[in-house]
Amino acid sequence: MHNMASTEIPKVAVLDDYLNTSKPHFAHIPETKCSITTFTDSLPPYNHPNTSPAEKEALVNRLKPFTVLCTMRERTPFPKALFEQLPNLKLLIATGTEFNTFDMSVAKEHGIIVAAASHKGRSCLPKETTSKRKAASAPHTVQHTWALILALAGNVSHDDHVMKQGGWQTGMATGLAGKTLGILGLGRLGGATAKVGFQSWGMKIICWSSTLNQEKADQMVAELGLPVRDEDGDNTFQYVSKDELFKNADVVSVHYQLSDRSRGIVGKKELEQMKKSAYLVNTSRGALVDEDALIEALEKAAIKGAAVDVYGIEPVPKDSPFRSSKWGTNGHAHLLTTPHMGYVEEEIMNKWYAEQAEILERWLDSKEVMSRLF
């Protein structure tokens, strides 16, 4: 459903494919139908305050020649100012279900089709069984969140490094049994994370968001198949104020939606409220946490440690303090970092790219675009 001259072959770019995962999914599309370029790196986001004019120009120059852009979630944001400099763009295929960094109204105004690959894979493949869908109901992000919590509590990363340098034990692990888990944002991911803590270690669950109340917390508990009250008669998920959450939690796990209102929702004040023995874990969005305030808190060991999977700028700049080896030494708190792996799971990624390839094929053949948002 595109208006291209018959002699003009559409140019397609697969953006931000760090591991070149897309290659086998697009390989069968004939070169006579389109030319495909894969970028295995990211350029700085156009709308980030630290992005220089030269970097913005480089991003525009990279994207401008292409008729079709295949994006990996929100690795490359598309604000109005960027859309308006891409006159050749006809089709934007994104993975996932959230596109807060895409200015959809501008895309629609410019006649750009936006389609979403939402983790279904190719439509010709057999449908997943009910049991497999249920098994996948706890998303990979939750698995990764718990990997980070357990690694922090067990001193895994630091001890691994020390042992490889010839050392041995450097400190004691933190037991999670009976500890308090604070969930900032009790949505699907926050609820699933809380369920694991409650069932596996008998953790006390406290939660807060700006739209949450005890009734909604109880509703989430019921949806997760848990008893609304625990053995002591307390609420299984206890709604508390934001101040109470940061003051009382032994582990704070961030699962909040990013918006203008929630940007920096974990700042200097919240970090100062936390126990000196507490951990902060963020697998949601980097901009939810004031990174400067977090670095300062870790340098002073105001909290015991943090695990971070998401950042204000991704990939993280080479000179970022997040990349320092000082953490866990000389009085600094522990810092465990991972390169936004909360959704980078083999099956998920391959399904996304398979679905993107099918959407592209249908568009090239002037068929109805699947999963079209408008």
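**A walk through the rings and loops of a predicted chain**

Hi everyone, let me start with one contact: the side chains of Glu-74 and Arg-285 meet in a polar contact at 2.9 Å. Please keep in mind that what you see above is a predicted model.

Where does Glu-74 sit? Its place is the loop between β3 (68–71) and α3 (80–83). Is Glu-74 buried or exposed? Glu-74 is buried, with a relative accessible area of 16%. If we set aside neighbours within four places in sequence, Glu-74 is in contact with Glu-98, Phe-99, Asn-100, Thr-101 and, once again, Arg-285.

Let me step back to the whole chain. You can find 13 helices and 12 strands in it. The radius of gyration is 23 Å, close to the 21 Å that the globule rule gives for 374 residues, so the chain is as compact as a globular protein of that length. Along the principal axes, its C-alpha atoms fill a box of roughly 70 × 45 × 40 Å. Of the 374 residues, 49% count as buried. Take the contacts between residues at least 6 apart in sequence: 70% of these join residues at least 24 apart. As for the outside, the accessible surface comes to about 18,500 Å², and 51% of that belongs to carbon and sulfur atoms.

Now to the rings. How many aromatic pairs does the structure hold? There are 8 aromatic pairs. One of them is the stacked pair of Trp-208 and Tyr-256, with 6.0 Å from centre to centre and 15° between the planes. Trp-208 belongs to strand β7 (residues 204–208), while Tyr-256 is in the loop between β9 (251–254) and α11 (268–273), so this pair ties together parts that are 48 residues apart in sequence. Both Trp-208 and Tyr-256 are buried.

Next comes an edge-to-face pair, Tyr-311 with Phe-322, at 5.3 Å centre to centre and 75° between the planes. Both partners are found in the loop between β11 (305–308) and β12 (334–337), so here the parts tied together are 11 residues apart in sequence. Tyr-311 is buried at 9% relative accessible area, and Phe-322 is buried at 7%.

In that loop between β11 and β12 you will also find Pro-315. The peptide bond leading from Glu-314 to Pro-315 is cis, with omega near -10°.

Back to rings for a moment. Phe-78, Phe-83, Phe-99 and Phe-102 are linked by ring pairs into a cluster. Phe-99 may sound familiar, being among the contacts of Glu-74.

Some rings have a charge over them, too. The charged end of Arg-73 sits over the ring of Tyr-343, 4.1 Å from the ring centre. Likewise, Lys-326 has its charged end over the ring of Trp-327, and there the distance to the centre is 4.9 Å.

My last stop is the backbone. As background, most residues other than glycine have a negative phi. Asp-16 is not a glycine, yet its phi is positive, at about 55°. You can spot Asp-16 in the loop between β1 (11–14) and α1 (23–26), and at 2% relative accessibility it counts as buried.

Which other residue should you look up? His-340, also not a glycine, has a positive phi near 50°. His-340 lies in the loop between β12 and α13 (346–364). With a relative accessible area of 14%, His-340 is buried.

Thanks for listening, everyone!

Note on methods:
Residues numbered from 1 in each chain as written. Predicted model: local features only at pLDDT ≥ 70, side-chain atom pairs only at ≥ 80, totals over all residues. Heavy atoms only, no water. Phe/Tyr/Trp six-rings, centres within 6.5 Å; stacked < 30°, edge-to-face > 60°. Helix = DSSP H or I, 4+ residues; strand = E, 2+ residues; numbered from the N terminus. Buried < 20%, exposed > 50% of the residue type's maximum accessible area, 1.4 Å probe, protein only. Lys NZ or Arg CZ within 6 Å of the ring centre and 35° of its normal. Rg over C-alpha atoms; globule rule 2.2 N^0.38 Å. Contact = heavy atoms within 4.5 Å. Areas by Shrake-Rupley, 256 points an atom, 1.4 Å probe, with all protein chains shown as cover. Polar contact = N/O pair within 3.5 Å; in protein donor to acceptor, adjacent residues only side chain to side chain.
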